[in-house]
Each structure stands twice: as structure tokens, then as C-alpha cells.
Amino acid sequence: MGMGLYVAQRVAWALVATFVMLSLTFGLLAVTPDAQQAQFAFQQAQEGASADEARETYQRVTGKDGPLFDRYKEYMIGMVTGDWGWSHTRSQPAIEAVADAYPYSLMYGIPATVLSVVAGIGIGLYSATHQYTKADYAGTFLAFFGVSIPNFWFGIMLILLFAVHLGWFPSYYDTSHGVWTLANAKQLVLPVIVLSTAAIASQMRYARAESLEYVHADFVKTARAKGASEWRVIRHIFRAASVPISTILVADILGLLFVASYLTEVVFQIPGLGLLSYRAITQNDTALVLATTLIPVFVAIVGNLVQDIAYTVLDPRIDYGDR
Amino acid sequence: MGDEPLLSVRDLRTYFRTDAGTIRAVDGVSFDVRRGETVCVVGESGSGKTVASESITRLIPMPPGEIVGGEVVFDGVDLLSLSDRELREYRGGRIGHVFQNPQGALHPMHTVGRQIVEAIRLHRDAGKREARERAIDLLDRVGIPDAAARFDDYPHEFSGGMKQRVVIAVALACDPDLLIADEPTTALDVTIQAQILRLLCDLQEEFGMSVLLITHDLGVVAEIADRVVVMYAGKVMERGTVYEVLENPSHPYTLALLDCLPGRGGAMRPLGGALPDPRDPPSGCRFHPRCPHAVDECGAGDQPAMGTAGSPGHEVSCVYYHDGYDESAIRERRAADSNEGVGRADGGDGR
Amino acid sequence: MTGRPDEPPAADRSGEPLLRVRGLKKHYPITEGVLRREVGRVRAVDGISFDVYPGETFGIVGESGCGKSTAATTLLRLEEPTDGEVLFDGADVSAASKAELKRFRRRAQMIFQDPTSSFDPRMSVGESVAEPLRIHGMRDRDRRRRIAQDLLERVGLSADDVDRYPHEFSGGQKQRIGLARALVLNPDLIVADEPVSALDVSIQAEILALMRRLQEEFDLAVVFISHNLSVVREVCDRVAVMYLGEIVEVGPTERLFADPQHPYTRALLSSIPTPDPRERGRGIELTGDVPSPSDPPSGCRFHTRCPEIVQPDGYEFEQVHWRRVMDLRAKLDRGEVGRESALDLAAAQSTATAGATDGARATGTPPDEARAAIRRAFDLPEALTDERAEAVLSEALGLVVDGDSDRAAALLAKEFSTPCERRRPRAAAVDDGWSATCHLLDGSRRSEGVEPLPGRED
């Protein structure tokens, strides 16, 4: 089939998936009762006007009285052009609210991802090649610890210890610092640690398991028999294990981060996407809920696309025609 | 052939420490390989033949494996005393390895050419182009048609027999003095096996090297061995030239093994009993619980010292070949033996 | 005998065969694309016919890819056959209903190669052995247990083993348990797919002896599938040799092994290493590539590797050279020999032999060298013994070196065409119950005492 065609095919699928997902979301929204509408109608009813009329007015004003297909078209066009609705709790377009919050999520998200991937794979690989040694047991312990411990409790404990008692780090996030300042870096340390522990743990376990598959493989023996150094042998193992590891790399990590970030942001009061989403949900801000839910979905789709392509690049055995 | 053997293994002991006990995989094994000759180590599973061959260049996983004793003298140097770095110069450089399963022996994500080139450049100061040319030449010499084109192919694009040829090419990359081949043809079809064995013979002449071949197949032994070492449960039972051992088999185990061969017009006689537990091997001769000729001495002390059977180089670890015993008893009793002498009362595998 | 085209020759056996297989085929489609378009077929089993009589052991032997394991599973309808019929005790298995199939399964059982993976690790050995009883309606648990214990004893284990788990047993013991499980319903036929291949030589001998004993005790017919010819020789009364989905020779074991008629059987037998060091290096080596079952060669499937391939009409030269000329033809047809490669070869060879004392190295013009290089690459002599053949060969090589490989291929195809590639051979009776499917025997070249069967010609 050829790689170019394969990539094009994958991208096309990604677009189809996006389209389907957006349509489904629209469908769900269309049948969900609008809280604002209910509230408006209630208010009007309290003041003596007709609730039905109030509903109709509301719908006319917000443009929700048109035929379903028109609304669908408008919605889809809006999605593509960046008009994601109006956030009534923040009095700004939803997309602006997202754009404001996103950088904060990235600020701890990127270091946490990088740290967990590098450290996770590194520790996993080391564990696999030094099986049954103390280092291996220590790594496994760390993994279980990281996976078992609830992030929000861990975050609070860290704040208590390092911020309140020891005073090394601030106990909450102060947005007044510039992005690239040392103060900003300091206040990001604890959130990054909290987020990484779980991610490192799962990444490490997986990397260890996949590497173990190959540690005792015959080609490893062949490499040693050639006179290769241990370091070169580890590179060989990693190359072979990188294929299955890459399959979870993108999807898993991102998924993990986007779930955990709610708790981290709430605990540390970082005004990122998680906190935004949390507040939008509790305050019934539909447009904002939609926007903040869609972001992770897009990330997941793109992530899967990247992963699919990476997989075929890494493993020459895969025949494009089979997929 | 020089006076000193190229490889001299003396009283090699390799144990594996596991939670379930210490497995004495190789428990005092000695044999020589002279220059230019082919030595076959024969045994069934659990005999320790693979572990012995891998101990020579310390390829066994350590932990849990551990070479607890003996020496492996290669061209005057005891390999067991070398540091890892020093040993690595021998591995691939002067001693080449071929393993059993061609399927897994090559890295699935590197081209075969690259894998041969790696072997070359680990020991020689060759430029990329020079290494590439040598690799193509090697592929050609092991019988891969269209070698230059196939240099860039991946292992999965080769058939089983072809893969094994590539593995051999990798092993020969640096013109080793000794090639250690562990069951190189077991995973292959019988017609391909014949081709590979022939290839090994031809290459041995061409490269002027010694071959240590591990196998369970006595037919393979007959086909290419100069000398034979028969192993059982971590010890050597019999040693000699291929004619001595196969035409005049002297150890009861060797005899039993030959009797187990099928397809000889009804002469197949199964051997009763089971392989001993490697964590708790029998005292005295390891084979005595299954041996139809066992006497009390056989269970006492250690594996019997080597006695001679017929010619001076033909050694047998059996009390019947010591002074005071009549070795012909083994052959006579064997002829008259019925099934009742073979196997135990517990029937079946007796475990 | 009705003389139907694909019936094997009449075997002198009293009574009716227990199992009759006629024209059994199993193809696997190769699909491509989202819509699963069929672009080809893997012809794993492509028309085999044989009979198995009650109480006899019938062997099917062949190398990997010949289709013998597929034949085993298709025989018992563990996989659906693509074509052909399987008659068990007169009844057509391939057309059986579910109920009939279940009854069939009581009478025909299977044992597999890998003793470890053929048991559910969570079931005790007794439960595994008794499971067929449960499936076929025996509800009394105590009775099942007693039967299982009895069978374990009969295969050489102990009744106490009934509650132990598979991982507690060695490979040989597990294979005994497999036998017990296959025998629990008292079948008439057992299909054994490589039952001893995964076992050590000493254990193998025991299991073979056990199978022989059980066969007599239970009065079983056995279809024994193996790649190991010595094993087959030990236990089988009759044997069929398979190559690329077809049976090339079938007959009584001892006689077939003593005097094989088909060239493949001869090559196969000569490849078996015997433990006699005086017999070294006597094997017949097969050249050429192993074909793929999805694209089998025309005519006789073995012709691409057959050392005894029939020479073309009107020419007569050394058989060994003829084989190599055919190899050259094959490569030429595939486009793997051309002007470029020939010149490369010549250059490579001259650098390789630079300094060699081979006096025959002529320093001719490049085309001459290229032609000589091709000859050397295919181990052909400087001149074939047949002058006219040599002329054809020279001309063809000249065309290759001039860059016209297609014409060279066409020339060789026309002049050096052999019946082995043109027509499929017919089964020829060698003796009672013994036939081989080869042009050397079927009348293309009449040999002494061998009569071709009436049959269709392709």
C-alpha cells in the first residue's frame, strides 16, 4: 500500500472520527434540557409571565428555535471556525476561556509528561534488564506506590509537608508570576510531582513488562555472543520493545494526565483546563462544559493518529495492506 | 592439528540458584576440542549440554546462573578468569555462536545486513563500506542467493533455512577459530537440515575452524562429528571418536540411547524411568536408577571415574570399565535382556 | 474397483476400509482490502485420497508446509473442507448434520503435538480425561472418575494422579494423559498429529511403544502424522508422502522405505541422518526454492526441485546438468538473471578469485566473462555433453548478456520443455496397495513392471 497512502488514510479516518464525535455531541446537547432556559422560564413564571412564552422567547433569542438541521449546520460551522458558544459564567466566548486556561495546563502537563515518559521507560527498562536485583524491587515498589496512592490526598499531603511545614514551596498557585520565572517554576514543582507519580508508575510497569518479553529473547543472546557491550544490548532490547510501548505511550499518558489534572488543579488551585471544566460543570455552564470536554477528545484522536503512524514506522514487519 | 587443544574444558560446574533449590545443570564436565575438528556434545533435555556450551563464553544469565568451578582454557587463556570486557573480545571475535531457533535469533527490526555489519565492526576496524562488502560476501558464502539485494531485507522476509544461514554468517563475521552451534538444525526440515550440515562442513574447511556442535540427534552426530561427548544429567558419560562411540558404544546410557532410535525394523527398545531431578541428583552414577546393569557400587560415592573401553581415547564413566569388572557383561546381558530388566516396577515414567 | 480417476489402486485388504478420503481439499483464501476481495488461495491440501483399514496405522509424512496437519484437522472436520469427501464407516462426514457429527466424534478422536498447550491448566487431569464423557452425556460423576482412573493406569500412570494438574507432569507424561483422553470414549480411529515430536528420544520411544500396545488393546486404527521418517517407519503399516498439498507416494512402509519410487521420497529418505558414521555425506541434496502453497508450480509440483526431472524431448545430457539448467530457467523466468546481474557477477567473481591459482580463468571480453559467470553461478560446465543442447544454451546466454532476457527465457522454454512442467502426473501402481505419482512411472517414460492407471490427463 505504501506509507504515504497509509498516512493519508489514517488522517482521513481521524477526520471522520472527529466528525462523528462532534455530531454525537450535538445530538446529545439537543436533547438535553437547557438549564438556563429552565431558569429563565422559572424566573419569568415567578414574575407572573407564562412559562411557555418565556421558553419560546428564550429559544428565539438564543437561536434555538430553528429547525434541527439548521442548528446542526450552525453548530458544525461554529465548531470549525472557533465559535464554541458563550460562557455565561465567565462572560466571554467559551473558546477564549479555554485559550486563557490552556497555557496553565500545559505548564505542568508538559513537564509531567516528559518526566513520566523518560523516567518511566528508563526505570522500566533498567528493571527488566536487572531483574531480581534490589533496584528492580525498589522500582516495583515505587510503581505500586504511585499507582495506589490517590492523587488528591498525595497532593494535599505534599502541600502540608513542603508548603505549610517546611515552607519550601507556595501552598497555592499564584497567577501573577510570569510564565518563565523562577517563582513560577517553584510553584509548579509539587503539582508536577503529584501528576508524575501515577504516570511514571504505569509507564514503568508497562515498559518493564514489554522489555521483559525481549530480555530473554534469542536475539539478545545473539547480540551478546557477538561481543556487544551491555549498553548496546539494552539498546537492542529497547528498539524491539519500543513498538508495543509506543502503542500505549500517547493514548495512555494523555488519558491519565487529563483525568488526574482535575484533581491536581483543584488541590493546587491552578487555573488550567481542569479547574475550568470543574467549575463549568458545577455551575451548569453548558458551552464551557462542551468546550472543555472536546479538548481531550481531540487530543485523543490526534494521539491515536500519531501512535498509528509511529507504530508502522517502528516495526518493519507490519504490512500496510492489512490494517 | 596442533598439540594443544584449542579449547579445553576442565571440570566445569554451572549451577542455577532458584527459590526451589539449586539446579546443578553442569556438574563436572570435561572435554577438549582440537584445532580443525568437529566435536559433538550429545544429550537429551536436562543433560546440561546447552548450559555447558553457553558457559564457555558466559552467556548464561547470571543471576540466577553461576559458574561455580572449573576452567575453560581457550588458546591458552582461561576464559572464566577474564573480566567481562576482556571476554567480549573473544565473543564474536574468536568464538562464534549459532543458536537453535533461527526465528528469534535475529533482531526483528534490523536488516540482516546491518546485523552482520554490527558483528564485524564490533571486532574489526572496518569502515562502513568495507564492512558492507564483507557482509555481502559472507551472505554469499553461506549460500544466500542474490546476496547484495538481500542485504537490506529484514529477517521475516527469509525462510527458516535461509535465516539459519544468516545466523551462521553472523557467527562467522570475524573469522572465528571456534564455532559453537547449539542444535542448529533441530528447528528445520530434514531436507534443509541436510543442506545446513553440509554447509557447516564446507565452511569449516574453508575457514579452517573448529566446531563444537550440541545436539540430541545421533544421526547428526554421525554425519559430521569427529569426536563425541555423551552427557547425561550434568555429567559426561562417554567420550571418544565418532567411530568409537557409535560403532562400539560402551556406556549403558549410550547403548540405551541407540536402542531408543525408531525405524530400525523393530529393534527399538524404550528406556524406562525418568530424567533425574536436577536439584537432587542420584548419588554415585547419575544413570544408575535407570541402568539395567546397575550394581551396588554404582550408587555409592560420585560419578565413577573414567575407564577405557577398547582404544585409549575412548573413555567411559562406568564401574564396569574399572579393574575387577567385566565390561563384556554389558554387551552380553544387553543381548539377552528382556523388557523386565528395563524400567522400574512403578511403570511409566516412574515419577 | 470402479476405475474412477482419483481412486487409489486396489489394496488387498479384507473387508471395507474404516476411513475413505477422496479428493480432500482445504484452501485458505488470501484477501486484500476492506472488502476482503480474494486475490489468491493457499492450497494447503489440494486433493488427497487414501484409505485406512480397521486396526492399521496409516502414516502421513512430509515437511513443513506440505499440508499434513491441515489434512488432519480437515479429516475430522475440525475445519471445514473446501472440497472432497470423507467417508467414515460408510457415512459421509463432510455432509453430516450436527447430531451425526457428534456421533462421529465419539468414534474418531485426536491427539496433538504440544502436550502442554492441549490441556486446560485449570482442570485437573482427571477432569480433562473425563470431559469427553461428560460432553457425550455421562452424568454420573463417580463413574466418570472411575473410568478416568482406569485409563490413567492403562497409559502407565497411577490412579492417584487423577486429581493432579497438568503442570505437575513432564512432557512425556502429559502425552500419556492426552492418549488417555483420546481413548476414553473407546473410539475406532485416532488421528495423532506429531504426537512425539516435542519429546526427548528416550521418552519418544516409550510413547511409541505405548501407542502400539494401546492400539492392540483397543483395536484402533491410527492416522499418524509426522515429519520424522524414522518414527513413521517404526509404527506405521502404510505411509503416504505429502508434498505441497498432494500425496506423491503411498504404500506399505517397509517396502516403501526400502525402495522408494518417487524422487521426493528418495530425497527425503536420503536426508535422514543415520547413526552410522560410515554413511556420511550420501544424501541427495535438493536444489531450487521451496514453492509457496499459494502459487504451486505447474505440472508436477515437485519439478522445480526434482533431481530426476525428465529431460526434454530430443536432448540427452547429464542429469545433474539438466537439473541446473532448469534452475537457470526458473530464475530467468522470474527475471532474476539479466545483463546487469551477469556483469555484476562477473566483476565480483574476478575480484574474488584475483590471485587464485585456477588456471582456467580466462581474461576474455566482458560479454564472454559474463556468460562464463552465469555458468559458474549455476554450476554448469563450459560445454554440455549434448552438442545441440549446448548450442541452445550458448545462444540463450548470449541473449541474456545482450540484455534480452525475455527472448532467452522463451528460447529455453521452447527448446528445453519437460513433461514434468507441462502435465500433472498420474498415480501409477507400483505394486499392490503401493502407488507413486510421477512422470517417470506413469507412462511418460515407461519403466519395467510399472503400469500406469487409467486416469485423466491435465
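**Surface, helix and loops in a predicted model**

Colleague: At what relative accessibility does F152(A) count as partly exposed?
Modeller: Keep in mind that this is a predicted model. Partly exposed covers the range from 20% to 50% relative accessible area. F152(A) falls in that range, so it counts as partly exposed, at a relative accessibility of 43%.

Colleague: Which helix of chain A holds F152(A), and what share of the nonpolar patch comes from it?
Modeller: F152(A) belongs to the nonpolar surface patch, alongside residues including W153(A), I156(A) and Y278(A). Together the patch residues have about 890 Å² of accessible area. Helices α7, α10 and α11 of chain A each give at least two residues to the patch. F152(A) sits in α7, and the largest share of the patch, 6 residues, comes from α7(A).

Colleague: How far apart are the end C-alpha atoms of helix α6 of chain A?
Modeller: Helix α6 runs over residues 134–148, which is 15 residues. At 1.5 Å a residue, the span should be 21 Å. The model agrees, because the end C-alpha atoms are separated by 21 Å.

Colleague: How wide an arc around the axis of α6(A) do its buried residues cover?
Modeller: The buried residues of α6(A) are D136(A), G139(A), T140(A), A143(A) and G146(A). They lie on the same side of α6(A), because their arc around the axis is only 130 degrees. An α-helix has 3.6 residues a turn, so residues three or four places apart point the same way.

Colleague: Which residues are exposed on the other side of α6(A), and which helices are included in what covers its buried ones?
Modeller: On the other side, K134(A), Y137(A), F141(A), F144(A) and S148(A) are exposed. The cover over the buried residues of α6(A) includes two helices of chain A, α5 (94–129) and α8 (182–215).

Colleague: Where is D75(B) placed, and what is its phi?
Modeller: D75(B) is in the loop between β4 and β5 of chain B. At 33% relative accessibility, D75(B) is partly exposed. Most residues other than glycine have a negative phi. D75(B) is not glycine, yet its phi is positive, near 50 degrees.

Colleague: Is L244(C) buried or exposed?
Modeller: L244(C) also deserves a look for its backbone: its phi is positive, near 50 degrees, in a residue other than glycine. The loop between β9 (238–243) and β10 (246–252) of chain C holds L244(C). The relative accessibility of L244(C) is 6%, so L244(C) counts as buried.

Colleague: What distance separates the C-alpha atoms of G403(C) and D163(C)?
Modeller: G403(C) lies in the loop between α13 and α14 of chain C. With a relative accessible area of 47%, G403(C) is partly exposed. Along the chain, G403(C) and D163(C) are 240 residues apart. Their C-alpha atoms are separated by 74 Å.

Colleague: What percentage of the residues in chain C is buried?
Modeller: Chain C has 15 helices and 13 strands. Among its contacts between residues at least 6 apart in sequence, 65% join residues at least 24 apart. Its exposed area is about 20900 Å², with 47% supplied by carbon and sulfur atoms. Of the 458 residues in chain C, the buried portion is 52%.

Colleague: Which chains share the most contacts?
Modeller: Chains A and C are not joined by any contact. Their closest C-alpha atoms lie 7 Å apart. There are 2 pairs of chains in contact, and the most contacts are shared by chains B and C.

Methods: Residues numbered from 1 in each chain as written. Chains lettered and ligands numbered in written order. Predicted model: local features only at pLDDT ≥ 70, side-chain atom pairs only at ≥ 80, totals over all residues. Heavy atoms only, no water. Patch = residues over 30% accessible without salt bridge, like charges linked within 9 Å, V, L, I, M, F, W, Y side chains within 5 Å. Areas by Shrake-Rupley, 256 points an atom, 1.4 Å probe, with all protein chains shown as cover. Salt bridge = Lys/Arg side-chain N within 4 Å of Asp/Glu carboxyl O. Helix = DSSP H or I, 4+ residues; strand = E, 2+ residues; numbered from the N terminus. Buried < 20%, exposed > 50% of the residue type's maximum accessible area, 1.4 Å probe, protein only. Expected span 1.5 Å × (residues − 1). Arc of directions from axis to C-beta. Contact = heavy atoms within 4.5 Å.
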